[in-house]
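The following exercises concern a two-chain model and are each followed by a worked solution. Please consult the sequence and the structure while working through them.

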Amino acid sequence: MQPEKQNREQQHRHNGNGQSGHNGKRNGARAALRRELHTFVAHVEDRPGVLNRVTSLFRRRAYNIDSLTVGRTEIAGISRMTIVMEADAATARLVEANLYKLVNVLRVEDVTHEPTLLRDLSLIKVKANAEIRPKVMQIAEVFRARVVDVTTESLVLEITGTEDKIQGLIDVLQPFGIVEMVRTGIIAMTRGADGIPIDPGFVHARVPTNGDS
Amino acid sequence: MKRRGAQILWEALTREGVDTVFGYPGGAILPAYDAMLDYDIHHVLVRHEQGAAHMADGYARASGKVGVAIATSGPGATNLVTGIATAMLDSSPIVCITGQVPEAMIGKDAFQEVDVTGITQPITKHNYLVTRAEDIDRTVREAFYIARSGRPGPVLIDITKNAQQAEIDYQPDEAPIRLPGYRTDLAAVAEEYEHAIELIDRAERPVILAGQGVIHSVAGAEVLEFVEKSEMPVAMTLLGLGGFPASHPLNLGMMGMHGESWVNQAIQEADLLLSFGMRFDDRVTGKLAAYAPRARKIHIDIDPAEISKNVAVDVGLVGDLKQVLRQLIAAMAGRKRPGWLDYIDGLKGHAAVRDIQRLPDTGHLWAAHVIHDLWRLTGRDTIVVTDVGQHQMWEAQYYKHDAPRTLITSGGLGTMGFALPAAIGARFARPEAEIWVIAGDGGFQMTAAELSTCAQEGIKLNIAIINNGYLGMVRQWQEFFYQRRYAATPILSPDYLKLAQAHGLDGMVVSSRAEVPRAVEMARSSAATMVVDFRVEQEDSVYPMVPAGAELHEMIRRPEESALPSPVRQSKDRPDTPVRAPTSAIAETGRDEL
């Protein structure tokens, strides 16, 4: 959503320096709370306009999306979104509550503090002639990236991993000249045997209160 | 059986109990209008689709039932937008049905094509685009269910012309509604109730903040029981007025920007606030950082997304207010709080009577006197529908509502032009009720064309125009915060007597307080809609007032009598009276305004 944010260093992202500031307009007491990257997994009905309803909600409430991906699931008619945004705990709960208000949203889970697999996929086209090629391929091997296209003047690398790992590869490729790059954004899945229940019987309305920290 | 989509629409609406709709025909909705003639539906032809949405809204607010507005594609649909947003901000259950160009023409910028589901997405609770006749029945059922359940709100159904025209084999849909992502059963857990009870039993200086949720939840009896068992005073929001009787000794009155000073003072000094179905709007909190600094807060709301949205609370109890209160009443200890109540009584001092009594009866007419007299002369079940501005606040201050659904007003969106169409809607919901429209001369002119609707429908309303020759509330802000530079606020009115007569209605002009009772009596006894033009003082202001962004107890009070402007009517063009020295509270207000 925000390419310039994608390139920020991981250090920054996790410390949360409060620079995007929309929370500062909210309750002063809460603005002081620690901001971090929150990852939501949302199951939604696969209907026209649903993605638009979700993104429109973030725009309407002045929440900034860091990354949003959407794709099919194991169940026909249900899509799964992974949404990453920087927020304090109270704002994250409000986001969750607001997502639940969308009629087509079935289930929202904030997996930020769950053991979770986070993956991002990237294709990176690097300038590389015959002389440079071995160096780039060597780097690719270190990062377990795959070479998926070669020309006399370029290489395309495919890499899957956490944002940190991909950013690391980008940083070392930069000096060779990156011609173009594309990233999917983060997808997430919690570890362990259980999946996220899509249609649970009872949902405890989790709301932010002063007891949260 | 064979049915066209348009017929299915009316059958589905009829099964939802709809017998009255407010609308305006046009090309893309023509099949629906044609089919309507064969069903037992009363259609009220509006003069502008905004009026249709407000009428559906007024109908809903007066009855608690879902109101229905209908319009054609393109401009018909976009004209609904203000009315839909009004219903959204005030959680009013309406269903809007719009025609859409045939499916094959969507995206082609066809004549009168507009992406109305896109336009209304942020101002509806949910909306639908229906392109097949097969989907109409189910969609109507879902729309009504969504509109009236949980936190109510507007739902829009956009139906393409081909879907209205297609003929299909049709059996009414009897299956239960299945909306797996729409949950009205989100609820708090036991520990949250325990925490709330602990705070309630411990509080020494509690204040209940009662909002429209009391009315939506039909929780008046539970609120009364809670209040009397706990002896807690109640402050009202604008939309909550009527939800708890104004005449009850524990009802403090309205809170917020134009609330009573002692109410705001009590909130600021409270050690516990209990929010009953209200959402801490900026008009009731003032400066958030300084809001009720010593109070623990319990927020009861059916919408989880309201909890801690504006004010961080200690306990959020999600659920239907009526059910939540029943649980709390059963569990709480109950106690007396004479010290706190006496203290609040002391805060009232002479403020309780100061504002209206300080308005001298000099033979001239003050708006507050008109509204106060209107309240004295009308009954408990009279429905008052107000517009937006000074008169709206005076109404909230001086008309004491004792019953729910007796005040219908645009709170959240503050939509000028709301009153007349909303009152027409209320009339169809409550055919027997006495209904008064109170509107300013500015707002009334925004939708005055609906007088013609009154005439065509032959309905009876009493219309009080509080006519001060200004867009009064804006003028008041200019007086307080813009050095009295009256940019674009003087407004000329037509001759309302003649305007009424031109529509075949009755009219009257009143310019002194002595004439008010007789005018009210004449309006009530007239068989036709009566327009009463109350020519009130031009430069009066609504007091007390918390300037936007100020702390809740920092109220501008009505100047002492000596400082009042001389009650001489000024000409309608630019007034040339000298600038009054601002009160100290005003002078200090160098704040960002909202």
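The domain assignment of chain B gives domain 1 (2-169), domain 2 (190-348) and domain 3 (353-587), where the bounds come from an automatic or database domain assignment. The model is predicted, so local features need pLDDT of at least 70 and side-chain atom pairs count only at pLDDT 80 or more, while totals for chains, interfaces and linings use all residues. Residues are numbered from 1 along each chain as its sequence is written, and chains are lettered from A and ligands numbered from 1 in the order in which they are written.

**Exercise 1.** Describe the contact of domain 2 of chain B with domain 3 of chain B.

*Solution.* Step one concerns placement: the C-alpha centres of domain 2 and domain 3 of chain B lie 29 Å apart. Step two is the count. 24 residues of domain 2 of chain B are in contact with 24 residues of domain 3 of chain B, two residues being in contact if their C-beta atoms, placed from the backbone, lie within 7 Å. Step three identifies the main contributor on the domain 2 side, which is helix 12 (residues 261-269) of chain B with five residues. Helices (H or I, at least four residues) and strands (E, at least two) are DSSP runs, numbered from the N terminus. Step four gives the composition: the side of domain 2 of chain B that touches domain 3 of chain B has eleven nonpolar, eleven polar and two charged residues. Here Ala, Val, Leu, Ile, Met, Phe, Trp, Tyr, Cys and Pro count as nonpolar, Asp, Glu, Lys and Arg as charged, and the others, Gly among them, as polar.

**Exercise 2.** Trace the open sheet of six strands in chain B and its connections.

*Solution.* Begin with the order, which is 3-2-4-5-7-6 with parallel pairing; two strands pair if DSSP finds at least two bridges between them. At the edges are strand 3 (42-45) and strand 6 (126-130) of chain B, each of which pairs on one side only. Neighbouring strands of this sheet are turned by 20° against each other on average, direction ignored.

Next, follow strand 2 (residues 20-23) of chain B. Strand 2 pairs with strand 3 of chain B in the parallel sense over four bridges, and Val21(B) stands opposite His43(B) in strand 3. The chain passes from strand 2 through helix 2 (residues 30-36) to strand 3 of chain B in a right-handed β-α-β crossover: with the strands pointing away from the viewer, the path from the first strand over the helix to the second runs clockwise. Strand 2 of chain B also pairs with strand 4 (residues 67-71) of chain B, in the parallel sense over two bridges, and Phe22(B) stands opposite Ala69(B) in strand 4 of chain B.

Finally, strand 5 (residues 94-100) and strand 7 (residues 155-160) of chain B form a parallel pair over six bridges, with Gly99(B) opposite Ile159(B) in strand 7 of chain B. Helix 7 (residues 136-148) of chain B lies across strand 5, strand 6 and strand 7 of chain B and runs at about 165° to strand 7 of chain B. Axes are lines fitted to C-alpha atoms, for helices over the stretch in contact, and angles run from 0 to 180 degrees between N-to-C directions.

**Exercise 3.** Characterise the contact between chain A and chain B.

*Solution.* First, count the residues: 27 come from chain B and 26 from chain A. Second, find the largest share of the chain B side: strand 14 (residues 315-318) of chain B supplies three residues. Third, classify the chain B side, which has 19 nonpolar, five polar and three charged residues.

**Exercise 4.** Why does Arg144(A) count as exposed, and why does Val218(B) count as partly exposed?

*Solution.* Start with Arg144(A), in the loop between helix 6 (133-142) and strand 6 (146-150) of chain A. The phi of Arg144(A) is near 55°, a positive value in a residue other than glycine. Arg144(A) counts as exposed because 11 C-beta neighbours lie inside 10 Å. A residue is buried if 20 or more other C-beta atoms lie within 10 Å of its own, exposed if 12 or fewer, and partly exposed in between, with C-beta atoms placed from the backbone.

Turn then to Val218(B), in the loop between helix 10 (213-216) and helix 11 (220-230) of chain B. Val218(B) has a positive phi of about 50° although it is not a glycine. Val218(B) has 15 C-beta neighbours inside 10 Å and therefore counts as partly exposed.
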